[in-house]
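Thanks for taking a look at this one with me. Here are a few notes to help you find your way around.

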Amino acid sequence: MRRQAAARREALAGLLVLPLLTVTACDAAPANAHHAAAGSRHAAAARSAAPSRTTAASRTPSGTLPTGLVLGPTGLGPLRFGMTARQATATGMLANPATRAPDANRCTQYPLVGGTVQDAFVLVSPDRGVVVIAPPAAVPTPQHIAAGATLAQVRAAYPRLAPSYNGTKVAPVPGNPQARYRFAFANGKVLAITMTRNQNCAS
């Protein structure tokens with residue numbers, strides 16, 4: 001179990017290329033080895049595209065995530081692409097940020113509650129809101145793909161699966177053509193999944 005956890009942490013780091021816990025390239029160039037799977041949205045657009053309020057029902061108890069979470073097509077439970085940092089924090093799903101955003105194009109990385117930035121996290125762009133969601137390993141996509149799925153199962157669920165950098169593979173998110181799933185594999189099975197949309201983060 002410890003080896004699997006360590007391998008997953010390495011895979012997540014490889015998915016996003018985060019030597020300084022920041023993203024280093026644009027999602028529009030998946031072949032670039034320094035490309036990070038992330039997405040972004042202008043804060044003003046986020047206010048209209050994402051809920052400006054979070055109801056008590058969508059909040060989570062301190063230190064826990066909601067049960068029955070699914071990754072996609074527009075987010076993870078109440079956490080949605082395009083939310084500002086304040087809106088995302090109001091869902092109760094984010095812990096304290098691991099990095100700040102001193103520059104206009106630098107994202108802030110938040111661990112999901114109950115985890116660490118190496119295990120499960122979110123990236124928030126200063127001008128486009130939530131751009132990357134990396135859930136815990138057991139969280140599936142709507143097509144029932146999670147850590148442990150075989151390459152054949154991933155291909156069956158996502159026929160447009162394509163190779164990307166560092167041995168990862170990407171596929172459009174059904175129901176959200178602007179978003180992408182990125183899969184890291186080890187020994188022919190999924191080790192980690194991230195979902196990204198319109199990434200513009202830089203180191």
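The points below go through the sheet and then the aromatic rings.

1. Please keep in mind that this is a predicted model. The residue numbers I use start from 1 along the chain, as its sequence is written.

2. A good place to begin is the open sheet, which is built from seven strands. Their order across the sheet is 3-4-5-9-8-7-6, with antiparallel pairing.

3. Which strands stand at the edges? They are strand 3 (108-111) and strand 6 (162-163). Each has a single partner strand, so one side of each is left without a neighbour in the sheet.

4. For a closer look at one pairing, try strand 4 (residues 121-125) and strand 5 (residues 129-134), which run antiparallel and are joined over five bridges. Within this pairing, V124 sits opposite V130 of strand 5.

5. Now to the rings: the model has four aromatic pairs. One of them joins Y181 and F183, whose ring centres are 6.0 Å apart, with 50° between the planes, a tilted arrangement. F183 also pairs with F185: here the centres lie 6.5 Å apart and the planes meet at 45°, so this pair is tilted as well.

6. Are these residues buried or exposed? Y181 has 0% relative accessibility, so Y181 counts as buried. F183 is likewise buried, because its relative accessibility is 0%. F185 reaches 23%, so F185 counts as partly exposed.

7. To put the rings together, look for one aromatic cluster formed by Y158, Y181, F183 and F185. Within this cluster, F183 is the partner of Y181 in one tilted pair and of F185 in another.

Definitions and conventions
This is a predicted model: local features need pLDDT of at least 70, side-chain atom pairs count only at pLDDT 80 or more; totals for chains, interfaces and linings use all residues. Side-chain values use heavy atoms; hydrogens and water are left out. Rings of Phe, Tyr and Trp (its six-membered ring) pair if their centres lie within 6.5 Å; planes under 30 degrees apart count as stacked, over 60 as edge-to-face and the rest as tilted. Buried means under 20% relative accessible area, exposed over 50%, partly exposed in between (1.4 Å probe, protein chains only). Two strands pair if DSSP finds at least two bridges between them. Helices (H or I, at least four residues) and strands (E, at least two) are DSSP runs, numbered from the N terminus.
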